[in-house]
Amino acid sequence: MDNFELEQFLPYRLNRAAEFVGLRFAAHYKARYGMTRPEWRTLAALGSSGRMTAKAIGVHSSMHKTKVSRAVAALEQRRWLKRTEDEADRRLENLELTAAGQQAYRELIELARQYQAELDAEIGETGVQALAEGLAKVETVIRKSARGKKLPEPDDL
């Protein structure tokens with residue numbers, strides 16, 4: 001047997017941590033709004049960026065187009081987003097939050113701030129700073145490797 005330690009493999013550790021932290025937060029917005037993770041990510045993308053296309057939401061949030069499509073339909077059914085035809089290219093639809101969607105976004109952002117405060121308290125100031133610095137370095141590597149290349153979609157792997 002070789003000496004490979006899965007528990008020390010960075011991609012494995014990052015995935016486990018992201019999944020744990022994400023699911024814990026998902027429990028908050030699911031309990032309050034009955035939202036799925038793709039719906040939250042779509043709402044958050046639109047709330048933080050304003051008007052976007054479904055493709056831009058997928059890129060912004062690393063979601064496959066079918067998940068974005070379902071999330072958009074669900075948010076539209078709640079009357080939290082609206083579609084408008086792009087004037088320059090009628091094949092595209094711009095998506096943006098309605099007033100009700102903006103209100104839901106503000107409420108969810110408050111939940112996110114509370115959750116962030118919980119994490120900060122659990123991890124501690126030094127841990128949060130070290131984690132932020134490490135993630136910034138990983139994100140720098142991501143940007144460098146993404147230049148001029150199309151990275152695979154998460155669901156394509």
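**Exercise 1.** Which class, buried, partly exposed or exposed, does leucine 14 count as, by its relative accessibility?

*Solution.* The model is predicted. Start with the location: leucine 14 lies in helix α1. Next, take the relative accessibility, which is 34%. Buried means under 20% and exposed means over 50%. Leucine 14 therefore counts as partly exposed.

**Exercise 2.** Place Leu14 in its surface patch, and find the helix that gives the most to this patch.

*Solution.* List the members: Leu10, Leu14, Ile123, Leu131, Leu135, Val138 and Ile142. Together they form a nonpolar patch on the surface, with about 550 Å² of accessible area. Now look at the helices. α1 (10–33) and α6 (125–146) each supply at least two residues of the patch. α6 gives the most, with 4 residues.

**Exercise 3.** Classify serine 61 as buried or exposed, then find a backbone partner for its side chain.

*Solution.* Serine 61 sits in helix α3, which covers residues 54–61. Its relative accessible area is 10%, so serine 61 is buried. A polar atom of the serine 61 side chain lies 2.6 Å from the backbone oxygen of isoleucine 57.

**Exercise 4.** Describe the surroundings of leucine 75.

*Solution.* First, the helix: leucine 75 is in α4 (residues 65–77). Second, the accessibility: with a relative accessible area of 0%, leucine 75 is buried. Third, the contacts. Leaving out residues up to four places away in sequence, leucine 75 touches Met35, Glu39, Thr42, Leu43, Trp80 and Leu81. Last, a distance: the C-alpha atoms of leucine 75 and leucine 97 are 9.0 Å apart, with the two residues 22 residues apart along the chain.

Methods
Residues are numbered from 1 along each chain as its sequence is written. This is a predicted model: local features need pLDDT of at least 70, side-chain atom pairs count only at pLDDT 80 or more; totals for chains, interfaces and linings use all residues. Side-chain values use heavy atoms; hydrogens and water are left out. Patches are made of residues with over 30% relative accessible area and no salt bridge: like charges are joined within 9 Å, nonpolar side chains (Val, Leu, Ile, Met, Phe, Trp, Tyr) within 5 Å. Accessible areas come from the Shrake-Rupley method with a 1.4 Å probe; for residues, only the protein chains shown count as cover. A salt bridge is a side-chain nitrogen of Lys or Arg within 4 Å of a carboxyl oxygen of Asp or Glu. Buried means under 20% relative accessible area, exposed over 50%, partly exposed in between (1.4 Å probe, protein chains only). A polar contact is a pair of N or O atoms within 3.5 Å; within protein, one must be able to donate a hydrogen and the other to accept it, and residues adjacent in sequence count only if both atoms are side-chain atoms. Contact means heavy atoms within 4.5 Å.
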